[in-house]
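Here are my notes on the model you asked me to look over, set out as numbered points. Please read them with the coordinates open beside you.

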Amino acid sequence: MKPPSSIQTSEFDSSDEEPIEDEQTPIHISWLPLSRVNCSQFLGLCALPGCKFKDVRRNVQKDTEELKSCGIQDVFVFCTRGELSKYRVPNLLDLYQQCGIITHHHPIADGGTPDIASCCEIMEELTTCLKNYRKTLIQAFEGVLQ
C-alpha cells in the first residue's frame, strides 16, 4: 500500500518561497452600510493587508499606504500573532501604529469564537469609533472575502 502522497500539507501552510511577484492591484475595501442598525456610518471590510498565502501575494507597504490614503483611522484585527506570522505580516500591528492608524487587536484563534466579555468589548470599541465618525475597517483573511 502506497502512503497518501497526494495530501498537500502546503495547502494550509504559508510558503517561504516567493514564486509569484507581489500583487499590484490596490487592496479592495467593501463598504457595509449600517443604516439597518440606525447608524449613518459605513464599516469597511478588506482582506489581510500584505498577506502572503497560497497564490495570494499582497505588498504590506502598498496596502497600508492605500488604507491610509482612503482615510482609514481605526482597524479591527482579529488575527492572533501566530496567524499574522503565518500570513507573513508579523509586524502589521506596528506598521499600522507607524501610519497613525489606531489598532483594535482582539486575537481570536482561527475557527474560534470570542467569549461574551470580549464580544462586549469589541462592540463597545466599534460603537465608539462609529459614533465619533471615524473611518473604521475590519480586516479579514483573503479567503473570507472571495
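Does K54 count as buried, exposed or partly exposed, and at what relative accessibility?

1. The model is a predicted one, and the question above is settled by the computed area: K54 counts as partly exposed, because its relative accessibility of 45% falls between the limits of 20% for buried and 50% for exposed. K54 is found in the loop between β3 and β4, the latter being residues 56-57, and its phi is positive, at about 50°, although the residue is not a glycine.

2. A positive phi is also found at R88, where the value is near 65° and the residue is again other than glycine. R88 is found in the loop between α2 and α3, and with a relative accessible area of 27% it is partly exposed.

3. As for the overall layout, the secondary structure of the chain comes to four helices and seven strands, and the order of these elements, read from the N terminus, is β-β-β-β-α-β-α-α-β-α-β. The chain has 146 residues, of which 34% count as buried, and it exposes about 9300 Å², with carbon and sulfur atoms supplying 54% of that area. Where contacts in the chain join residues at least 6 apart in sequence, 76% of them are between residues at least 24 apart.

4. Five of the strands form an open sheet with mixed pairing, in the order β1-β2-β7-β5-β6. The edges are held by β1 (29-33) and β6 (102-105), each of which has a single partner strand, so one side of each is left without a neighbour in the sheet. From one strand to the next, the twist averages 25°.

5. Two of the pairings in this sheet can be followed residue by residue. Strand β2, residues 42-47, pairs with β1 in the antiparallel sense over five bridges, and within this pairing W31 has G44 in β2 as its bridge partner. Between β2 and β7 the strands run parallel and are joined by five bridges, with T136 in β7 as the bridge partner of L43.

6. Helix α4, made up of residues 116-131, lies across β2, β5 (74-77), β6 and β7 (136-140), and runs at about 160° to β5.

7. Turning to the nonpolar interior, the largest core has 20 residues, and those with the most contacts inside it are L48, L67, L84, Y96 and L137. Two elements, β5 and α3 (92-98), give two or more residues to this core, and the largest share, three residues, comes from α3. There is also a second, separate core of nine residues, which includes L34, L43, L126 and C129; L43 is thus a member of this second core as well as the bridge partner of T136.

8. How many aromatic pairs does a search of the whole structure find? The search finds one, formed by F53 and Y87 in an edge-to-face arrangement, with 5.0 Å centre to centre and 80° between the planes. The pair links distant parts of the chain, since F53 is in strand β3 (residues 52-53) whereas Y87 is in the loop between α2 (81-86) and α3, and the two residues are 34 apart. Both F53 and Y87 are buried.

9. A last point concerns D63, which is found in helix α1, residues 60-69. Is D63 buried or exposed? D63 is buried, because its relative accessible area of 3% is under the 20% limit. Once its neighbours within four places in sequence are left aside, the residues in contact with D63 are I27, P49, G50 and R58. When checking this site, a reader may wish to display D63 together with those four contact residues, I27, P49, G50 and R58.

Definitions and conventions:
Residues numbered from 1 in each chain as written. Predicted model: local features only at pLDDT ≥ 70, side-chain atom pairs only at ≥ 80, totals over all residues. Heavy atoms only, no water. Buried < 20%, exposed > 50% of the residue type's maximum accessible area, 1.4 Å probe, protein only. Contact = heavy atoms within 4.5 Å. Areas by Shrake-Rupley, 256 points an atom, 1.4 Å probe, with all protein chains shown as cover. Pairing = 2+ DSSP bridges. Axes fitted to C-alpha atoms, helices over the stretch in contact; angles between N-to-C directions. Core = buried A, V, L, I, M, F, W, Y, C linked by side-chain atoms within 4.5 Å. Phe/Tyr/Trp six-rings, centres within 6.5 Å; stacked < 30°, edge-to-face > 60°.
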